[in-house]
Amino acid sequence: MIISLFGPDGVGKSTIANQFREIGWDVFSGTGVASWPDSTWHDELLAKGIEETSFNDDNHFKEKIQRAHDLARHISETKNVVIDSDPFHKTLMHDYLRGKGLERFDELLKIAQLDPASNIHVYLKVADDLNHKQQAAILQSRISARGELAPFDPETLEESERMIEACNAIEDTLERRKYKVVTINTRNSISNEQLSRLISF
């Protein structure tokens, strides 16, 4: 089984990813190639002087989607695997922020080669009972608490709101295409036991 985590920046993807690791899943960062078990591509990028976490190039993002999902499929032959911050969703989210909507959904879906039978999308959101502005305020507070902004982090409340809108649109599109989507609220912490129940099928 392959789980892809997605959600706006600051929602707690790394925290949930660590919990998946604690309950026995294999976890790697879809957007941080340095964390991949196979360091070949990371070494190639370093040799070219490319810092992949801040490299803003569309072909690079597409290659990252392909390679991340190829790696996940390889790992899933023997283990359950989690892609923390799946570059498929991340690229769509930033397309949305740039005013492109989800017009490339099918193109990027084809690159990722997602299988509705084995791919589960876990959408992390702050809380269902808060509006977008309230959720965005919590996200901005969490991002500020980290200290220095990471590349591509939202700098304003409005940018965080747009990320929430984008993720909602991605969730709706995935569900219409009959993909499994599980929503987890992160305003309050959940136990490893609760997490296991939420993703049991």
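Is Thr-186 buried or exposed? In this predicted model, Thr-186 comes out as buried, since its relative accessible area is 12% and the cut-off for that label is under 20%. As for where to look, Thr-186 sits in the loop that runs between strand 5 (180-185) and helix 8 (192-198). Its side chain reaches over to the backbone oxygen of Val-11, at 2.7 Å. Leaving aside residues up to four places away in sequence, Thr-186 touches Val-11, Leu-124, Lys-125, Val-126 and Arg-142.

Stepping back to the whole chain, there are 8 helices and 5 strands. Read from the N terminus on, the elements go β-α-β-α-α-β-α-α-β-α-α-β-α. The C-alpha trace spans about 40 × 40 × 35 Å along its principal axes. The radius of gyration is 16 Å, which agrees with the value near 17 Å that a compact globule of 201 residues would have. Of those 201 residues, 48% count as buried. Among contacts with a separation of 6 or more, 72% come from residues 24 or more positions apart. What the protein chain exposes adds up to about 9800 Å², with carbon and sulfur atoms supplying 47% of that area.

Now for the inside. The largest nonpolar core holds 23 residues, and the ones with the most contacts inside it are Ile-3, Leu-5, Ile-16, Phe-20, Val-82, Val-122 and Ile-184. Strand 1 (2-6), helix 1 (13-22), strand 4, helix 6 and strand 5 each give two or more residues to this core. Phe-20 is a handy one to click on: not counting residues up to four places away in sequence, Phe-20 touches Ile-3, Leu-5, Trp-25, Val-27, Val-82, Leu-195 and Ile-199. Another core, of 21 residues, lies apart from the largest one, and its members include Tyr-96, Leu-108, Ala-166 and Ala-169.

Charged pairs come next. Side chains of opposite charge can pair when their charged atoms come close. The structure holds 16 salt bridges. One of them links Lys-125, already met as a contact of Thr-186, to Asp-128, with 3.2 Å from N to O. The two partners sit in contrasting surroundings: Lys-125 counts as buried because its relative accessibility is 13%, while Asp-128, at 54%, counts as exposed.

Right after Thr-186 in the numbering comes Arg-187, whose side chain meets that of Asp-129 in a salt bridge of 2.9 Å, N to O. This pair links distant parts of the chain, 58 residues apart: Asp-129 belongs to the loop between strand 4 (119-125) and helix 6 (132-146), and Arg-187 to the loop between strand 5 and helix 8. Asp-129 is exposed, with a relative accessible area of 56%, and Arg-187 is partly exposed, at 37%.

Some salt bridges share partners, and these join Asp-58, Lys-62, Asp-95, Arg-98, Arg-104 and Glu-107 into one network. Within that network, Asp-95 forms a salt bridge with Arg-98, the closest N and O atoms lying 2.9 Å apart. Asp-95 is buried, with a relative accessible area of 0%, whereas Arg-98 is partly exposed, at 45%.

Conventions: Residues are numbered from 1 along each chain as its sequence is written. This is a predicted model: local features need pLDDT of at least 70, side-chain atom pairs count only at pLDDT 80 or more; totals for chains, interfaces and linings use all residues. Side-chain values use heavy atoms; hydrogens and water are left out. Helices (H or I, at least four residues) and strands (E, at least two) are DSSP runs, numbered from the N terminus. Buried means under 20% relative accessible area, exposed over 50%, partly exposed in between (1.4 Å probe, protein chains only). A polar contact is a pair of N or O atoms within 3.5 Å; within protein, one must be able to donate a hydrogen and the other to accept it, and residues adjacent in sequence count only if both atoms are side-chain atoms. Contact means heavy atoms within 4.5 Å. A salt bridge is a side-chain nitrogen of Lys or Arg within 4 Å of a carboxyl oxygen of Asp or Glu. The radius of gyration is taken over C-alpha atoms; the globule rule is 2.2 Å times the number of residues to the power 0.38. Accessible areas come from the Shrake-Rupley method with a 1.4 Å probe; for residues, only the protein chains shown count as cover. A nonpolar core is a set of buried Ala, Val, Leu, Ile, Met, Phe, Trp, Tyr and Cys residues joined through side-chain atoms within 4.5 Å.
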